[in-house]
Amino acid sequence: MSEEVGGTARAQAMGGKIGALGADPTAILTNPAGSALYFKSTLTATFDVNGNYYFPYLGQRQEREAGSYWSGGVPNVSYISSALSSLQSNSSWNVNWGFQYNRDYDFTRNYAITFDRPNSTVADFIADRANAAGRPYTDYLYVPDKYDPIMQSGVDPIVTMGMSGGIIEHNGTQFWPASWTWDGAPDVSNRIPLLPTASHLYVKETGAKHSFDFNVSAGYESRFFFGASFRIGTSTYGRSSQYSEAFLYEPKNFAINTTYDNNLSVSGRSFALNLGAMYALGDFGRIGVSYLLPQYASYSELYHAEAGSVLDANTDKAEKMGYNTGDDLANSYSMWLPGKLTLSAMAYLGQWGMVTYDFTWRNLAAASLRTGNGNSAMEGPNALMKDYFGNQFGHHFGLELRPISWLSVRAGGSYTSSGIRLQSSDVKLSEEYVASGTILDFVLPRDSYSASAGLGLRFGAFSADLAYVFSRKKNEVYPYPSAPALNPPLYTEGANMDIDRHNLVGTLTLTF
């Protein structure tokens with residue numbers, strides 16, 4: 001549910017949103033009433049080259065693998081027709097229609113973070129979940145061809161992974177980390193907790209989202225403008241992660257290595273309606289309002305998970321344990337994504353240009369997960385989303401100057417809040433965060449901002465625009481959730497990850 005700077009080069013050079021400017025194909029994305037300002041048909045194509053850089057870091061230590069990715073393509077194509085208006089030459093109404101393809105995002109990111117002597121272990125978190133559930137160990141015990149706990153409703157899959165993979169141990173009623181060592185009887189009270197000497201998180205992600213908008217707009221006496229766009233979206237997402245920990249009890253040279261792996265792929269489609277209106281303030285400018293209604297989305301996913309451990313790894317008596325979910329497991333669900341309100345304003349600077357401002361708002365807590373058939377809500381996850389998410393605000397500024405009739409100089413910027421309520425201190429998560437299925441690691445998006453500049457050239461029926469956009473998204477990465485209810489509390493150590501994007505965009509437009 002992140003915000004992206006998109007659209008034509010003109011729009012991206014002016015902060016990404018130009019809801020009150022109109023007469024630009026990006027209006028179909030922001031305020032569909034803006035396409036009513038066209039009095040001729042237009043065909044537009046946008047080309048770009050993207051560079052993405054990822055910088056995870058932990059405190060003052062540069063424990064990271066920085067990744068980079070370059071891509072190019074055609075992220076935006078549109079056609080707007082004024083044929084209906086030409087049939088009503090004597091009318092006060094101006095009616096247009098059009099369609100647009102937009103690549104909302106397309107990314108690949110790989111990151112690795114090494115924690116030197118972290119202050120907790122994932123086994124603490126898994127053992128705490130097992131003890132809190134109060135189930136007997138047999139509920140988590142895999143029996144080939146007879147009982148698979150990962151498929152049982154109400155049985156925590158994370159505990160199943162941890163116990164069968166040798167990350168946690170038990171005495172029938174109590175669970176504890178397998179990394180604990182002892183002198184004497186194997187009783188919890190005699191165990192000596194061990195912390196990892198090092199832990200390592202490695203994640204690979206890919207994702208893409210594409211949208212197709214079909215637009216109808218109308219203007220009355222060049223003062224009132226109205227529009228609607230029907231949006232169809234498709235999305236894909238894939239990730240693989242591995243979290244490993246290494247322990248050493250030096251008095252006995254006792255070593256333990258544990259790993260926890262996940263693989264997930266998701267595909268989905270969404271549908272939404274965007275409504276907009278705009279009013280011209282004579283020679284002063286225009287104001288506009290639009291609302292993207294809540295989007296209905298359905299998703300299908302495949303996932304696979306593995307957990308393993310090697311006990312007494314430094315000797316020839318090493319004991320290996322492992323568990324995996326077997327073949328890829330399938331799941332489906334649907335979701336109502338929150339609607340988005342956009343308020344826009346544009347003011348003329350005489351004959352020299354204009355300034356624009358757009359304010360966006362949506363309540364991320366309004367998102368709602370439902371079962372695959374959409375008939376019933378997932379009460380637990382929905383309650384958590386209301387706790388974790390809140391209002392997301394965006395501010396977009398744009399400036400366009402025309403020193404001569406055929407040249408435009410542009411600049412812009414934007415700021416978008418994360419809408420995440422979870423707080424952290426010194427990259428330690430001080431609140432409980434619920435894991436999703438078998439996946440423990442997660443990314444908390446924080447605020448993002450962008451700065452941009454560009455040029456525009458006009459030659460008769462042809463125009464060419466160029467923009468450079470720098471954007472930064474701030475994130476926090478955690479290998480597993482915190483458990484503040486533990487005694488002592490478990491506050492997971494994470495890492496900041498800034499994602500810098502450098503984007504060069506060009507747009508060609510033909511008016512006819």
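**Figure 1. The loop between β8 and β9, with Ser222 and Glu221.** In this predicted model, Ser222 is found in the loop that connects β8 and β9. Its phi is positive, about 55°, although Ser222 is not a glycine. Ser222 has a relative accessibility of 49% and therefore counts as partly exposed, the cut-off for exposed being over 50%. Glu221 lies in the loop between β8 and β9 as well. Glu221 also has a positive phi of about 55° and is not a glycine. With 49% relative accessibility, Glu221 is classed as partly exposed.

**Figure 2. The chain as a whole.** The chain contains 24 strands and 6 helices. Of its 512 residues, 50% are buried. Among contacts with a separation of 6 or more, 71% are between residues 24 or more positions apart. The exposed area of the chain is about 22,700 Å², and 58% of this comes from carbon and sulfur atoms.

**Figure 3. The largest nonpolar core, centred on the contacts of Ile126.** This core has 36 residues, and Ile126, Ile168, Tyr260 and Leu440 have the most contacts inside it. At least two core residues come from each of β3 (93–116), α4 (122–133), α5 (157–164), β8 (198–220), β12 (295–311) and β24 (495–511). The element that gives the most is α4, with 6 residues. Apart from neighbours within four places in sequence, Ile126 is in contact with Ile158, Val159, Gly162, Ile167, Ile168, Tyr260 and Leu440. A second core, separate from this one, has 23 residues, including Leu264, Tyr299, Leu364 and Leu422. In soluble globular proteins, nonpolar side chains tend to be buried together.

**Figure 4. Helix α5 and the elements that cover it.** Because 7 of its 8 residues are buried, α5 is largely enclosed by the rest of the structure. The buried residues of α5 are Ile158, Val159, Thr160, Met161, Gly162, Met163 and Ser164. The cover over these residues includes the helix α4 and the strands β4 (168–170), β5 (175–177), β10 (254–280), β12 and β13 (319–324). Two of the buried α5 residues, Ile158 and Val159, are also among the contacts of Ile126.

**Figure 5. Ser332 in strand β14.** Ser332 lies in β14, which spans residues 329–337. Its relative accessibility is 38%, so Ser332 counts as partly exposed. Beyond neighbours within four places in sequence, Ser332 is in contact with Tyr299, Ser300, Thr371 and Gly372. Tyr299 is also one of the residues of the second core. From Ser332 to Gly268 the C-alpha to C-alpha distance is 9.5 Å, while 64 residues separate the two in sequence.

**Figure 6. The second largest pocket.** This pocket holds about 620 Å³ of space. It is lined by 31 residues, of which Arg10, Ala23, Tyr38, Arg458 and Ser463 are the closest to the pocket centre. Two or more lining residues are supplied by each of β1 (42–57), β15 (340–348), β18 (391–404), β19 (407–416), β23 (462–478) and β24. By class, the lining consists of 12 nonpolar, 10 polar and 9 charged residues.

**Figure 7. The largest cavity.** There are 2 cavities of 30 Å³ or more, and the largest has a volume of about 50 Å³. Its lining is made up of Phe115, Pro118, Asn119, Ser120, Ser199, Tyr243, Pro479, Tyr480, Thr492 and Glu493. These residues divide into 5 nonpolar, 4 polar and 1 charged.

**Figure 8. The second largest cavity.** The space in this cavity is about 40 Å³. Leu201, Ser241, Gln242, Tyr243, Tyr260, Asn262, Leu440, Asp441 and Pro479 line the second largest cavity. β9 (224–249) and β10 each give at least two residues to this lining, and β9 gives the most, with 3 residues. The lining has 5 nonpolar, 3 polar and 1 charged residues. Tyr243 and Pro479 line this cavity and also line the largest cavity. Tyr260 and Leu440, also in this lining, are among the residues with the most contacts inside the largest nonpolar core.

How values were computed. Residues are numbered from 1 along each chain as its sequence is written. This is a predicted model: local features need pLDDT of at least 70, side-chain atom pairs count only at pLDDT 80 or more; totals for chains, interfaces and linings use all residues. Side-chain values use heavy atoms; hydrogens and water are left out. A nonpolar core is a set of buried Ala, Val, Leu, Ile, Met, Phe, Trp, Tyr and Cys residues joined through side-chain atoms within 4.5 Å. Buried means under 20% relative accessible area, exposed over 50%, partly exposed in between (1.4 Å probe, protein chains only). Helices (H or I, at least four residues) and strands (E, at least two) are DSSP runs, numbered from the N terminus. Contact means heavy atoms within 4.5 Å. On a 1 Å grid over the protein atoms alone, a cavity is a set of points where a 1.4 Å probe fits but cannot get out, and a pocket is an open set with protein on both sides within 12 Å along at least five of seven lines; lining residues have an atom within 4 Å of a point. Grid points are joined across faces, edges and corners, and a volume is the space filled by probe spheres set on the points. Ala, Val, Leu, Ile, Met, Phe, Trp, Tyr, Cys and Pro count as nonpolar, Asp, Glu, Lys and Arg as charged, and the others, Gly among them, as polar. Accessible areas come from the Shrake-Rupley method with a 1.4 Å probe; for residues, only the protein chains shown count as cover.
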